[in-house]
Amino acid sequence: ALERQHFGARFRGLEPSIEGILCRTATQELINETDWESNIESMRNYWKLGRLICEQTSLLTSRGRRLSAGRSAKDDEGGLDGAALEAKREDDECRMRAEQFSDTLHSYAERLVGIVEDELSDVHFLGSAYNMGLEIRLPNRTDDRGIRHKFSFIEKTGRKNKPLYQWSSKKGLLGWIEDNYGFQQTQLLKADALLMTSEKNQLEQLQLFLDWFRSVFPYYHDKCESCGASCKEDPNPKDSTGADIESEEDDDFSFLGYVYPTPSERMGNASRTEIFRCRRCSSFTRFPRYNKALWVASHKRGRCGEYSMLLYRMLRALGYANSRWVVDWADHVWADVWLGDQVGERIEGGRWVHLDPCEASVDNPLLYQGWGKNQTCILGFYDPYVKDEAVGATGFPLIEDITSQYTSDELSTIEERRGISKEFIQDSIHNCTMRMDELLSNVTRNR
């Protein structure tokens, strides 16, 4: 257990060293499912108290424990040999892959629902501040466009009040885009204008937007908040005297683990916070994994998870009803948007266009295959409950297997890589679609 208050810019009262961490840390090895069952509740309590740092937060969930139990089950193979043993192992591995696929599918569907809830919370998050035990201050001021700032949050920490983020205008995310991307450029990019133009112009405008997006939202690796050093970006850093820092560690050694987020970080829907230790100045940097567009836009730190969510929210704010959040099981996420010719309030013809904010890539679906990825499963998640001002709402599957659109491999090759039957995947998507539709309809009734 590790006391959370020691994770500031530096440890308070301790030398900022790994030894300082270890002297305040207790470790325990949990061997099998029995150990998990007897210790999991206390571990979860330590986690929520901010006194646990761990390498994988999934181990605190039933899914993570099931996978761990599956690995330990390999030891329970007494009396089997030859073909029987091999068959059992194949069955166990297939069952584990199927369970993992189903669990992961549902977790991503819930994430899409969370993104929609975030969209709705842009006008309702005043009440949640009270629920979090926060004080609200209402400034009586207007900006140069005559729009009154609605409110700001001040966290009651017992130390120094810390202001939290707010949209600068009543337009929310759309107003933020207009202020930062430019009002005229935003008008050209909005769906009701752009979909009236040729596909060539649509792609060009989206490319300009993603180039701007990547310049404003750089990919975060492990950059130190104190001195700016990064193990990933600068594999050969120098210390404060200019001398080379000698280390046998790899480039990722600055990552210490995950901790439970603070109250202000949880306001941004962060479910976990990464902790990094700088090898140049020994300071500690927190990287909350925010799931709210407001916090990501204000913080300007993220990876594909944060930025794909933010781009998806931006597309919806710009009026693109037909946009979807795309998840690659090989650890990447991005967005798709449906482009076509608008006729009145309908879009006729058209196709899904790939948009990757981290790579500023437009309409390049084979990008990841070029990286050497052997694509296994890529799914698109779509919300049919759109705002009234969105353009061209068209019915699409809520969850669609679109792997073949992002690889030139044959379908038989993809299915062989998965190691799960086609029927199981179809049934899982069907069941998850029904559940996601129920969740989305519940959270959007008052939209």
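This is a short tour of one protein, ending at a strand called β11 and its two partners.

**Start with the whole thing.** Keep in mind that you're looking at a predicted model. Show everything as a cartoon and you'll find 15 helices and 12 strands. The protein has 447 residues, and 46% of them are buried. Now switch on the surface: the accessible part comes to about 22700 Å², with 47% of that belonging to carbon and sulfur atoms. As for contacts between residues with a separation of 6 or more, 58% link residues 24 or more positions apart.

**Next, select residues 378-382.** That's strand β11. Is β11 buried or exposed? Here 5 of the 5 residues are buried, so the strand is largely enclosed by the rest of the structure.

**Turn on the side chains.** In a regular strand, side chains alternate between the two faces of the sheet. In β11, one side has Ile 378, Gly 380 and Tyr 382, while Leu 379 and Phe 381 are on the other. Both faces are covered, and each of these residues is buried.

**Add residues 323-328.** You've just picked up strand β7, which pairs with β11 in the antiparallel sense over 5 bridges. Want a spot to zoom in on? Find Val 327, which stands opposite Leu 379 of β11.

**Finally, add residues 399-401.** Which strand is this? Say hello to β12, which also runs antiparallel to β11 and pairs with it over 3 bridges. Click on Glu 400 in β12: its bridge partner is Gly 380.

How values were computed
Residues numbered from 1 in each chain as written. Predicted model: local features only at pLDDT ≥ 70, side-chain atom pairs only at ≥ 80, totals over all residues. Heavy atoms only, no water. Helix = DSSP H or I, 4+ residues; strand = E, 2+ residues; numbered from the N terminus. Buried < 20%, exposed > 50% of the residue type's maximum accessible area, 1.4 Å probe, protein only. Contact = heavy atoms within 4.5 Å. Areas by Shrake-Rupley, 256 points an atom, 1.4 Å probe, with all protein chains shown as cover. Pairing = 2+ DSSP bridges.
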